[in-house]
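Q: Could you walk me through a structure and show me how to read its strands, turns and pockets?

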Amino acid sequence: MSEPQEKGRFTGRHALIAILAFFGVVFFANGMMVFEAIDSFSGLETDEAYKRGRDYNREIESAKTQAALGWRLGLSTVGGPGQVKIAVRLRDKADDPVFFREGKVLVRRPARQDLDEIITLQPTGEGRYEGVAKMPLEGCWRLRTEFERDGQVVFRQDDAVMIGENMPIRCE
């Protein structure tokens, strides 16, 4: 005859159920995180990715043309977080001012597309241009400054700036 089992005794069946329950919870949690990640991020870093990839060689030629001009852009920001005044100074090889009717700056916050903004830079004289941007958060911001003639970008420069008090001087 077999002996009756003791109550509260941990058996192989209990171990199997515990292991299956543990891995079931892990797989369920991982599945939920994968679903949320796929649902919340499309995977596209940029709009028109195909077009930008196709035009890559044209961008390289444009960068070479710009480098041959020898223009330099000095950029400064004042204020923030909140409203930030952006001032740029554009000079040629001979340190003479370069004149445009206006320029523009694409203001971006890494990983936050909802804060992207394009501001217009108005000339203030002697190759200087100014505009005001909304930068509501402290930290690193990306700025792409562009000047155009006849619908073509003649000069483009990307910068990263820190906004806020007691921030490190550099951000990358």
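Q: Let me start with one pairing: which residue in S4 is the bridge partner of Val107?
A: Happy to begin there, with the reminder that this is a predicted model. The bridge partner of Val107 is Glu117 in S4. That bridge belongs to a wider pairing, as S3 and S4 run antiparallel and share six bridges.

Q: How many residues lie between the strands in the hairpin of S3 and S4?
A: Two residues lie between the strands of that hairpin, and Ala111 there has a positive phi near 70 degrees.

Q: Which residue in S6 is the bridge partner of Leu106?
A: It is Arg144. S3 and S6 are antiparallel too, and five bridges join them. With the pairing to S4 over six bridges, that gives S3 bridges to both S4 and S6.

Q: Which residues make up the covered face of S3, and which the uncovered one?
A: The general idea is that side chains in a regular strand alternate between the two faces of the sheet. Here, Gly103, Val105, Val107 and Arg109 form the covered face of S3, while Lys104, Leu106 and Arg108 form the uncovered one. The two bridged residues we met fall on opposite lists: Val107 on the covered face and Leu106 on the uncovered face.

Q: Which residue in the loop between S6 and S7 should I look at for its backbone?
A: Look at Asp150, which sits in that loop. Asp150 is not a glycine, yet its phi is positive, at about 55 degrees. There is another such case in the loop between S4 and strand S5 (128-135), where you will find Glu126. Glu126 also has a positive phi of about 55 degrees without being a glycine.

Q: Is Asp150 buried or exposed?
A: The cut-off for exposed is a relative accessible area over 50%. Asp150 has 82%, so it counts as exposed.

Q: And why is Ser62 called partly exposed?
A: Ser62 belongs to helix H3. Partly exposed covers the range between under 20% and over 50%. Ser62 is partly exposed because its relative accessible area is 30%. You can also use this residue to see a contact across the sequence: Ser62 and Val153 are 91 residues apart along the chain, with 8.4 Å between their C-alpha atoms.

Q: Now for pockets: how much space lies in the largest pocket?
A: The general idea is to roll a probe the size of a water molecule over the atoms and see where empty space is left. In this model, the largest pocket holds about 1700 Å³. Its lining has 41 residues, and Thr46, Arg52, Arg144, Glu146 and Arg156 are those nearest the centre. Among the elements giving two or more residues to this lining are helix H2 (49-54), strand S3 (103-109) and strand S7 (152-163). Helix H3 contributes the most, with eight residues.

Q: How many residues of that lining are nonpolar, polar and charged?
A: The lining of the largest pocket has 13 nonpolar, seven polar and 21 charged residues.

Q: Where does the largest share of the lining of the second largest pocket come from?
A: It comes from S6, which supplies four residues. The second largest pocket has about 250 Å³ of space. It is lined by 13 residues, with Phe100, Arg101, Glu102, Glu148 and Arg149 nearest its centre. S3, S4 and S6 each give two or more residues to the lining of this pocket. By class, the lining divides into four nonpolar, two polar and seven charged residues.

Technical notes. Residues numbered from 1 in each chain as written. Predicted model: local features only at pLDDT ≥ 70, side-chain atom pairs only at ≥ 80, totals over all residues. Heavy atoms only, no water. 1 Å grid on protein atoms, 1.4 Å probe; cavity = no way out; pocket = protein on both sides within 12 Å on 5 of 7 lines; lining within 4 Å. Points joined across faces, edges and corners; volume = space filled by probe spheres on them. Nonpolar A, V, L, I, M, F, W, Y, C, P; charged D, E, K, R; others polar. Buried < 20%, exposed > 50% of the residue type's maximum accessible area, 1.4 Å probe, protein only. Pairing = 2+ DSSP bridges.
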